[in-house]
There are 2 protein chains.
Amino acid sequence: MKAEIVTIGTEIILGSIVNSNAVYISKRLAEMGIETLYHTSVDDDFNRLKSVIEIAKDRVDIVITTGGLGPTDDDLSKEAIASALGLPMESDTKMEDELKYFFSYSQREMTLNNLKQAMKPLGSEFIPNPKGTAPGIYIKHDDKIIIMMPGPPREMIPMLDNYVVDYIKDDHIIAVKSINTIGIGESQLETDLKELNINMEGFTISTYASKGCVEIKIIGKSLDKDYLEENTNLILEKIKSKIGQYIYGYDNSSVEKVIIDTLVENNLKLAVCESCTGGNISSRITSIPGASSTFDRGIITYSNLAKVDEVGVKESTLKEFGAVSEQVAIEMALGLLSKSGSDITVSTTGNAGPTSMGDTPVGLIYTCVADKESHQVFKRIFSGDRDVIQERATNFALGNLYNFLNKKLT
Amino acid sequence: MKAEIVTIGTEIILGSIVNSNAVYISKRLAEMGIETLYHTSVDDDFNRLKSVIEIAKDRVDIVITTGGLGPTDDDLSKEAIASALGLPMESDTKMEDELKYFFSYSQREMTLNNLKQAMKPLGSEFIPNPKGTAPGIYIKHDDKIIIMMPGPPREMIPMLDNYVVDYIKDDHIIAVKSINTIGIGESQLETDLKELNINMEGFTISTYASKGCVEIKIIGKSLDKDYLEENTNLILEKIKSKIGQYIYGYDNSSVEKVIIDTLVENNLKLAVCESCTGGNISSRITSIPGASSTFDRGIITYSNLAKVDEVGVKESTLKEFGAVSEQVAIEMALGLLSKSGSDITVSTTGNAGPTSMGDTPVGLIYTCVADKESHQVFKRIFSGDRDVIQERATNFALGNLYNFLNKKLT
């Protein structure tokens, strides 16, 4: 079954509020095995809404709308949708009585507008609204299902979860597994995945790049729970065998969280010495709750003087090789290691731009990871604006720190 | 002019991410006097996207799409939209050369996929993407305008603000003046603005809170340039007279940029000593190009040991008052001042959560600003999640640093 979500309301169209209803409904539908194909938002305009519904009912099986069910004049969803389906409106006498009872019970005067809430497209059913006065509407028309719900999430969500799911459920199950990678670009990853040639019925595999990491999402849909589980694992193993070295976690874990967890588990202290990343590595590390139990300190040696003062980089090294060099990255990491008494350190030195520094091109980065037994230094040239280079350099350092830790502990 | 915003991507349709692009674009269009009538979201499916564009171009004047411009196979926005408009694709040789240069410069192998980025619908123009590799596309076709932009907001927003606005503006002149404030909450600011009772034809005044700062946006729309200029200034003066002490800049200047500019102008060196903000202050400072000429170093003394080692906080002070105390904030700022030889230092110590540390409640923050003549310490309790508290504490420290500098230099 295919669905379209239509959110109705001027505040969405003006950008005054985020369309959180579409997010919630899409997720719930996916869990139920119903594929959402379109989201449409439109303001409270009779003709525009009518045409949106005419389009929607022709291209999906289920149309779910939110908004425009209230008692005021600009709430015209029921009328516009009835018109799109060619249905007249009828008044529901039971609902009329309930409304009258509600208003007399709450000792409020009932306006004529309130009676609008008893109106519905001919042949439709009301859906109870436990959190408000505007009921929802269910219409089965020409093999299509149309569901109307109120706009406020606090009314919409309970109506969806308690009533609407029963109108639309089918027997499919959806399984979602995500793999988090670092150190490999999205296009390279896609090329690698293509080589695996995975064609499993009911499964799709897609990649999402964000903050220098790439997430691989495996989504399966089937009537058979065991089939989903077995094949999700099969696909997972295939991907691991191909690009295992770039995987740092599963199901939306961040690389800094995985690093902190590993350090805490092994009772290791971390210190960071940054130049071009300017505090970004420390900031990512300390964004994780509990970082204080493993993160000892960060030193941002931005000036050459600070590099000498703080972590004992030799003036001769700076002079001979320049601040952006393998040698300085190593002296930063080793200097901080001996000074701080931490178990592991990571350093960065580079040029984040926007202008090249002497011979040092924009984007050139060195990072060094060190512990008491060994150290490793890595070089990369990144492109982009200053903030992009800083972010990529941060991920580059975190990815190498993760790999170093991983090798050290296995 | 009427617009439709089409967001393309499976992650939107699955409800994995919120459609923040539609919100941002709608707001910007409204500022320009362009009415958005529809938002549509669709997944990366050639035929569905094609039909969405066919519908959109018939019902509005401007169609703005985001997403699906990347190098991978499921990025097919350009092809599907060209097909909806009946246009063949052509390869842009200039863009091909640029891509080849980009990959050779960054010493990465170019896959065949990457060459896709040089393809565009016949007769269209590329729109520069300063923040990524996928350019945007501008098409004028049968009196309709189609604009394609990349999906990631950090690429889309600068493209929209710097280039796309020029393609879609009409005869009206829009004057936008923004006032950047720090140290006053959005609701207090709104109350203050309401008291000014500004009602000027063609003008709207709105507030946007972001990262602990609040921006006041004065937007005027008119055919008459002089009317706009005069009244923008009039409104500006009125607002300055009311809340002048909270204004740190105009037109989207960040407080860190204003601080750096002031320091450079006065040939002053800055050093930062952070605890609870964990590198956020240094990271904000070093995000500004040219920071290296004034930012000497940052020390993140996360552990107590680091506070003693690095900036000479006394063990007795830590014992008597605790790490989160006025006294420790002062010793951090003064210790770094004498150690680094910088002209001005700022320190933070606090509890960013999620759990209280002994007597120290979540959100309690001290910040101290010091120079050779004096120091000032400030206390605040913030609420929110760990990242929100860290961000607010960072802005609190930067705001106080800005005020300290301002008083020092006038």
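Which strand of chain A do seven bridges join to β2(A), and do the two run parallel or antiparallel? In this predicted model, the partner is strand β1 (residues 2-8) of chain A, and the two strands run parallel.

## Strand β2 of chain A and its partners

Within chain A, one residue pair illustrates the pairing with β1, since Val6(A) stands opposite Thr40(A) in β2(A). The strand β2(A) is mostly covered, with eight of its eight residues buried.

β2(A), which comprises residues 35-42, is also joined by five bridges to strand β2 (residues 35-42) of chain B, and here the two strands run antiparallel. The residue partners across this pairing include Tyr38(A), whose bridge partner in β2(B) is Val42(B), and Val42(A), whose bridge partner in β2(B) is Tyr38(B).

## The contact between the chains

The contact between the two chains takes 60 residues from chain A and 60 residues from chain B. On the side of chain B that touches chain A, the residues divide by class into 22 nonpolar, 27 polar and 11 charged.

## Nonpolar cores

The largest nonpolar core has 125 residues, and those with the most contacts inside it are Ala333(A) and Ala333(B). Helix α15 (residues 386-409) of chain A gives the most to this core, contributing 10 residues. A second core, separate from that one, has 85 residues and includes Val23(A), Ala56(A) and Ala80(A) together with Leu160(B).

The surroundings of Ala333(B) can be described residue by residue: leaving aside residues up to four places away in sequence, Ala333(B) touches Cys273(B), Thr345(B), Val346(B), Ser347(B), Cys368(B), Val369(B), Ala370(B) and His375(B).

## Helix α2 of chain B

Helix α2 of chain B covers residues 20-31, and its length can be checked against its residue count. Because each residue should add 1.5 Å, the 12 residues of the helix should span 16 Å, and the end C-alpha atoms, which are 17 Å apart, agree with that expectation. Just after α2(B), Gly33(B) takes a positive phi of about 80°.

The buried residues of α2(B) are Asn21(B), Ala22(B), Val23(B), Ile25(B), Ser26(B), Arg28(B) and Leu29(B). An α-helix has 3.6 residues a turn, so residues three or four places apart point the same way. The buried residues of α2(B) pack against elements of both chains, namely α1 (10-13) of chain A and, from chain B, β1 (2-8), β2, β3 (62-66) and α7 (153-168).

Terms used:
Residues numbered from 1 in each chain as written. Chains lettered and ligands numbered in written order. Predicted model: local features only at pLDDT ≥ 70, side-chain atom pairs only at ≥ 80, totals over all residues. Contact = placed C-beta atoms within 7 Å. Nonpolar A, V, L, I, M, F, W, Y, C, P; charged D, E, K, R; others polar. Pairing = 2+ DSSP bridges. Helix = DSSP H or I, 4+ residues; strand = E, 2+ residues; numbered from the N terminus. Core = buried A, V, L, I, M, F, W, Y, C linked by C-beta atoms within 7 Å. Buried ≥ 20, exposed ≤ 12 C-beta atoms within 10 Å, placed from the backbone. Expected span 1.5 Å × (residues − 1).
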